[in-house]
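Here's a walk through one model, taken a piece at a time. Keep the viewer open and follow along.

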Amino acid sequence: MSKLYLNKPQLDAEIAKCLNCVSKPCMTACPVNCSPQEFIQHAKAGEFTEAVQSICKNNPMGHTCGLICPDKFCMKACLRAKIDHPINIPLVQATLISKYRQDMTDTDRLPDNNKKIAIVGSGPAGMAAAWKLVKLGYSVKLFEKSDKVGGALNLIPDYRLPYEVIEDDWNYIKRIGKAEVEFRTQVDNPTELLDKGFDGVIMAIGEQNVIDLGVEGEENVVAYADYLKTPTTYEGAKKVGIIGGGNVAADCAMTAKQQGAETISVFVRRKIFDMKVTKKEMQELLDNQIDLVTTTRVCKVEKNADKLDIYTCSTQPGERGYVDIENSTIKREGFDLIIKAIGSRAEKPLDHSKIIYAGDCKIGGSTIVEAVASGLDSAKLLHSKLSGEEK
């Protein structure tokens, strides 16, 4: 796990690059308004406790965010890039927290207000909402249908995000106030929680419905969530096809590689520079010789004995996205496993003044830091409703 973080010379080199910009573009770019300029200056001065406090005052999931936050926020805004390369701000953040947060708590908490909030889902939005609410004096109970916290974070391969990191952020949240989680509990009707005495409910259930391909033979395709939850179930697949061009498709490809696949093809409707992956993910795909089959749509999957054949057609940009090119269908044979990773959709939300939605089920598929920001906003909104502050 140590390979995930910066060693001391690397950390020193990264923080030394900070230009201490007065305008703080890195903070402006952060969805939770965390200030890298501030925590890096503390770290430069050897004030590591203060550096961690600076991170955690706006982001309760700083450890997890530091390991998997994409490069399109603070790093993209870093002015150091105009000289050579941007500071690896997320990794600096993760390294500082892993070394110096330890048993740190947060004393900036209001007295108990004797109100209880239910949070359905313990992904990043639910965990962030819990943190904000306990700091405001509420007691919080999270209802999680699986047996561990993290939600969709648990689909991320362990080599990128070990579960201990998610658990570390959750333990930090629990140290602050009254937050507990009830595992293996499915909540289908959130209004029932209000009937049971909860003063408000935050729904942070993610996007639970995998989008269908809508093609013949789709029953032969495995959904990304099923694959990433139990990849060992599919060991032995030597030739793997993945349909999709985003972060989840990249995770599926790298997981298949770890599971021993010899040939991995990722089928993407868009051009390679339109793929929704980070630079790091793209480099990993290329380094591992993953075949990126771009401007290509899978239009049929056919079972052939114990193998699967794929029919694809070429695509090109049109007025409303990419469209098929006529007479371009070809057959690709001999796949052991086909995975669909084209996204998910959420259920339609209930309209209730005391039920607030947060995270992917509200804003659609998002990055972890955007989910955290949504969770914080949902907690503030619910608090304003319950405290009578809402105008």
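Which strands does helix 8 lie across? Helix 8, residues 124-135, lies across strand 1, strand 2 (139-143), strand 3 and strand 4, and runs at about 165° to strand 2. Axes here are lines fitted to C-alpha atoms, for helices over the stretch in contact (heavy atoms within 4.5 Å), and angles go from 0 to 180 degrees between N-to-C directions. Helices (H or I, at least four residues) and strands (E, at least two) are DSSP runs, numbered from the N terminus.

Before going further, a bit of housekeeping. This is a predicted model, where local features need pLDDT of at least 70 and side-chain atom pairs count only at pLDDT 80 or more, while totals for chains, interfaces and linings use all residues. Residues are numbered from 1 along each chain as its sequence is written, and side-chain values use heavy atoms, with hydrogens and water left out.

Now for the sheet itself. It's an open one with 5 strands in the order 3-2-1-4-16, and the pairing is parallel. Strand 3 (179-182) and strand 16 (355-357) sit at the edges, each pairing on one side only. From one strand to the next, the twist averages 20°. Two strands count as paired if DSSP finds at least two bridges between them; strand 1 (residues 116-120) and strand 4 (residues 200-203) have 4 bridges, in the parallel sense. A118 has V201 in strand 4 as its bridge partner.

Strand 10 (residues 296-304) and strand 11 (residues 307-318) run antiparallel, joined by 8 bridges. K303 stands opposite L308 in strand 11. The two strands make a hairpin with 2 residues between them, and A305 in the turn has a positive phi of about 60°.

Next, look at S328, in the loop between strand 12 (321-324) and strand 13 (330-335). S328 counts as buried because its relative accessible area is 15%, and the cut-offs are under 20% for buried, over 50% for exposed and partly exposed in between (1.4 Å probe, protein chains only). Leaving aside residues up to four places away in sequence, S328 touches T312, C313 and S314. A polar atom of the S328 side chain lies 2.9 Å from the backbone nitrogen of S314.

Finally, the cysteines. With a disulfide taken as a pair of cysteine sulfur atoms within 2.5 Å, the count comes to 0. For C26, the nearest cysteine sulfur is that of C18, 6.7 Å away. Why is C34 not bonded to C30? The C34 sulfur is 5.3 Å from that of C30, its closest, so the two are too far apart for a bond.

Notes. Polar contact = N/O pair within 3.5 Å; in protein donor to acceptor, adjacent residues only side chain to side chain.
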